[in-house]
Amino acid sequence: MAVDIQPACLGLYCGKTLLFKNGSTEIYGECGVCPRGQRTNAQKYCQPCTESPELYDWLYLGFMAMLPLVLHWFFIEWYSGKKSSSALFQHITALFECSVAAVITLLVSDPVGVLHIRSCRVLMLSDWYTMLYNPSPDYVTTVHCTHEAVYPLYTIVFIYYAFCLVLMMLLRPLLVKKIACGLGKSDRFKSIYAALYFFPILTVLQAVGGGLLYYAFPYIILVLSLVTLAVYMSASEIENCYDLLVRKKRLIVLFSHWLLHAYGIISISRVDKLEQDLPLLALVPTPALFYLFTAKFTEPSRILSEGANGH
């Protein structure tokens, strides 16, 4: 195979794009940025991303997809009030919005029209921040080689958030206006207003910290799910199994946290060795059981009452 020989590329992410191929002859262009959907190989040639995402990649995308849904549910519960009967319908609508947004995002991604994406393998943290590795051969002129080396894990999250926001603005106001009769006019749309704040925050978070989140999200899930479960059980004055079983809502919250625990454990282990990693899921109920066994020593109800009285 004859290949056009040119000077080697500088920089970590600069590559040569294939211009012409005729049989065994390949002609490459000058060293520069790779087109979208391609990344450089070890020989500094731009190669198309043809691999399927690994399990860990899907778990990362699932985590980023869960963030707006969990925030939706939190603010819906926060602003709906105890007497409102609309919270359940809003929860279901938020789940529907995020699910449809996820499906549409997969359908519009390459290859278009199927629930499957092709991707480039994430090799190191710098793959997420190629803009920081543009070379300056003469320390004056910068060769711009910024491209999505982790295609499409970086941009697909932005597309998903955009669809979530559009679907929310189309569906949620109509639903809230129809069924949120138990709330005042000023309170009906507060959960929607909250989303208009947290979506830009999530977007900036992905733009700046996407690479860090990719490597840290399993630990973030475990820590936050443990903290929120402890806070919820103490705020609800749950001190024994009876207090936990007396309301269905408490069981739903408990099982939801167990699912998050399992998600974090699977993400950390990556299920490389299935027979060794699956027994770790037996640890999922441990935090809740530990809380119930030790609640009698801490007495969260007494702490809460003292805090309310200002002592």
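A residue counts as buried when its relative accessible area is under 20%. Arg-39 has a relative accessible area of 10%, so Arg-39 is buried. The model behind these values is predicted.

**The chain overall**

The chain has 311 residues, and 39% of them count as buried. Its secondary structure comes to 10 helices and 5 strands. About 17,800 Å² of the chain is exposed, with carbon and sulfur atoms supplying 69% of that area. Among contacts with a separation of 6 or more, 66% link residues 24 or more positions apart.

**Arg-39**

Arg-39 lies in strand E4, which covers residues 38-40. Which residues does Arg-39 touch, not counting those up to four places away in sequence? The list includes the cysteines Cys-34, Cys-46, Cys-49 and Cys-120. Tyr-13, Tyr-45, Gln-47, Arg-121, Leu-123, Asp-127, His-147 and Ala-149 are also on it.

Two of these partners, Asp-127 and Ala-149, appear again in the table.

| Arg-39 group | Partner group | Distance |
|---|---|---|
| Arg-39 side chain | Asp-127 side chain | 3.3 Å |
| Arg-39 side chain | Ala-149 backbone oxygen | 3.3 Å |

The Asp-127 pairing is a polar contact between side chains. At Ala-149, the Arg-39 side chain reaches the backbone oxygen.

**Ile-27**

Ile-27 sits in strand E3, residues 25-32. Is Ile-27 buried or partly exposed? Its relative accessible area is 34%, so Ile-27 is partly exposed. Ile-27 and Thr-17 are 10 residues apart in sequence. Their C-alpha atoms are 8.6 Å apart in space.

Methods: Residues numbered from 1 in each chain as written. Predicted model: local features only at pLDDT ≥ 70, side-chain atom pairs only at ≥ 80, totals over all residues. Heavy atoms only, no water. Helix = DSSP H or I, 4+ residues; strand = E, 2+ residues; numbered from the N terminus. Buried < 20%, exposed > 50% of the residue type's maximum accessible area, 1.4 Å probe, protein only. Contact = heavy atoms within 4.5 Å. Areas by Shrake-Rupley, 256 points an atom, 1.4 Å probe, with all protein chains shown as cover. Polar contact = N/O pair within 3.5 Å; in protein donor to acceptor, adjacent residues only side chain to side chain.
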